[in-house]
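Grab your viewer and a pencil: here are a few exercises to work through by hand. Try each task before you read its solution.

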Amino acid sequence: MAALHSTAFCLGSVALSSRQELSFRRGNVKASAFFCPSSVSIPQLSFQSKALGGDGLPETKDSSLVVCFGEMLIDFVPTINGLSLADAPAFKKAPGGAPANVAVGIARLGGSSAFIGKVGEDEFGYMLAEILKENNVNSEGMRFDPGARTALAFVTLRSDGEREFMFYRNPSADMLLQEAELDLDLIRKAKIFHYGSISLITEPCKSAHVAATKAAKDAGVVLSYDPNLRLPLWPSAESAREGILSIWDTADIIKISEEEISFLTKGEDPYDDAVVRKLCHPNHKLLLVTEGAEGCRYYTKEFNGRVKGFKVDAVDTTGAGDAFVAGILSQLAKDLSLLQNEDRLREALKFANACGALTVKERGAIPALPTREAVYDAILHSVG
């Protein structure tokens with residue numbers, strides 16, 4: 001895997017602008033291990049695009065492009081697990097941000113992707129733009145803000161690889177993307193438009209998010225949504241719940257975790273299929289629930305089931321869910337008819353599970369995202 005600006009450095013003191021906000025949260029990816037294939041067959045993934053008849057999905061586009069919208073930032077990951085941020089002797093600088101992770105993940109897997117978002121006109125922003133370029137991600141829709149910094153997140157890693165975050169933003173550049181800065185032509189070219197919920201928290205980015213989603217929907221682009229709950233970034237728990245659900249019904253594909261199900265349903269059992277079904281909407285073509293070491297569940301109008309996980313030694317779970325999303329979207333962008341065939345969908349989900357499994361074995365999100373060859377190799381070794 002190519003090196004990606006992953007530098008360890010020691011922190012003596014850190015100067016923060018009065019404009020920056022400090023927030024802290026518990027990580028909500030639950031796993032000391034991740035996914036694995038449940039059978040010895042290697043997924044025979046199709047790369048033919050076909051139209052879906054009569055189920056509400058758009059006709060096949062010539063492109064298999066996935067456009068990812070939202071935040072891109074710098075994660076600072078401690079070089080030693082199990083210590084508080086104050087006690088960590090050094091941190092590894094790692095590019096991240098969920099939508100950007102997905103874009104790079106798809107490109108690493110041999111797919112076509114683009115990123116739309118805003119970073120600061122600063123050294124970190126230029127570094128992130130260069131990383132997109134190095135990974136063959138289209139960055140035509142990336143914007144630079146001269147008045148705001150690129151967002152930063154310091155990550156505490158427990159001994160089992162679980163995370164706590166401390167964010168430096170408010171405002172960071174990603175929050176300041178304006179509707180007029182959107183590359184609507186790029187959005188309309190996409191097969192799939194992927195986004196999260198963090199871009200819904202504040203204006204002007206919220207309006208840009210809504211406009212981008214509408215442009216994609218009007219152009220017949222498939223909408224993919226990963227809420228990626230970051231509760232301390234919202235004004236309140238209720239505003240987070242309302243904001244996440246405000247765009248719920250417009251998505252075609254949704255990926256959530258079991259913790260997010262509990263949050264959205266105000267404490268109901270996330271492992272109860274009836275509870276999950278209550279989150280399904282007639283517009284949805286696929287609802288995916290990631291369960292860390294246990295694998296994932298899938299729900300469509302016609303069928304539902306589970307693809308089991310396999311245990312790995314987790315170093316850092318940052319980006320594991322994004323790698324999973326990249327894995328499944330990379331396959332759906334090539335052939336949306338996977339949504340109509342349960343056996344083939346399960347094969348694609350095995351591939352996505354392996355993407356997540358490989359990602360937790362290294363520190364940082366983007367540096368750990370696997371290539372397609374690495375994924376197939378991992379599947380072969382796991383079944384052996």
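The exercises below deal with a predicted model.

**Exercise 1. Check the span of helix H2 (residues 123-134) against the expected value.**

Solution.
- Step one: count residues, which gives twelve for H2.
- Step two: take 1.5 Å times one less than the number of residues.
- Step three: compare. The expected span is 16 Å and the end C-alpha atoms of H2 are 16 Å apart, so the two agree.

**Exercise 2. Which residues of H2 are buried, and what do they pack against?**

Solution.
- Step one: apply the cut-off, where buried means under 20% relative accessible area.
- Step two: list what passes in H2, namely Gly125, Met127, Leu128, Ala129, Ile131 and Leu132.
- Step three: recall that an α-helix has 3.6 residues a turn, so residues three or four places apart point the same way.
- Step four: look for the partners. The buried residues of H2 pack against four strands and a helix: S5 (73-78), S6 (91-96), S7 (113-120) and S8 (138-145), plus helix H1 (98-108).

**Exercise 3. Inspect what sits at either end of H2.**

Solution.
- Step one: at the N-terminal end, Asp122 acts as the cap, with a side-chain oxygen 3.3 Å from the backbone nitrogen of Phe124.
- Step two: after the helix comes Asn136, which has a positive phi, near 60°.

**Exercise 4. Are Ser257 and Glu258 buried or exposed, and which elements hold them?**

Solution.
- Step one: place Ser257, which belongs to strand S13 (residues 253-257). Glu258 is part of helix H6 (residues 258-264).
- Step two: check accessibility. Ser257 has a relative accessible area of 6%, so it counts as buried; Glu258 is buried too, at 4%.
- Step three: look for partners. The side chain of Ser257 makes a polar contact with that of Glu259, at 3.3 Å. For Glu258, try Val289: 31 residues separate the pair along the chain, yet their C-alpha atoms are 6.5 Å apart.

**Exercise 5. Which residues have the most contacts inside the largest nonpolar core?**

Solution.
- Step one: the core has 61 residues, and the ones to pick out are Met72, Ile328, Leu329, Leu332 and Leu349.
- Step two: zoom in on Leu332. Skipping neighbours within four places in sequence, Leu332 touches Ile192, Ile253, Leu286, Leu338 and Leu339.
- Step three: don't miss the other core that lies apart from it, with 49 residues, including Phe165 and Ile254.

**Exercise 6. How many disulfides does the whole structure have?**

Solution.
- Step one: the search turns up zero.
- Step two: try a couple of cysteines. Cys68 is buried, at 0% relative accessible area, and Cys296 is buried at 0% as well.

Notes. Residues numbered from 1 in each chain as written. Predicted model: local features only at pLDDT ≥ 70, side-chain atom pairs only at ≥ 80, totals over all residues. Heavy atoms only, no water. Helix = DSSP H or I, 4+ residues; strand = E, 2+ residues; numbered from the N terminus. Buried < 20%, exposed > 50% of the residue type's maximum accessible area, 1.4 Å probe, protein only. Polar contact = N/O pair within 3.5 Å; in protein donor to acceptor, adjacent residues only side chain to side chain. Core = buried A, V, L, I, M, F, W, Y, C linked by side-chain atoms within 4.5 Å. Contact = heavy atoms within 4.5 Å. Disulfide = S-S within 2.5 Å.
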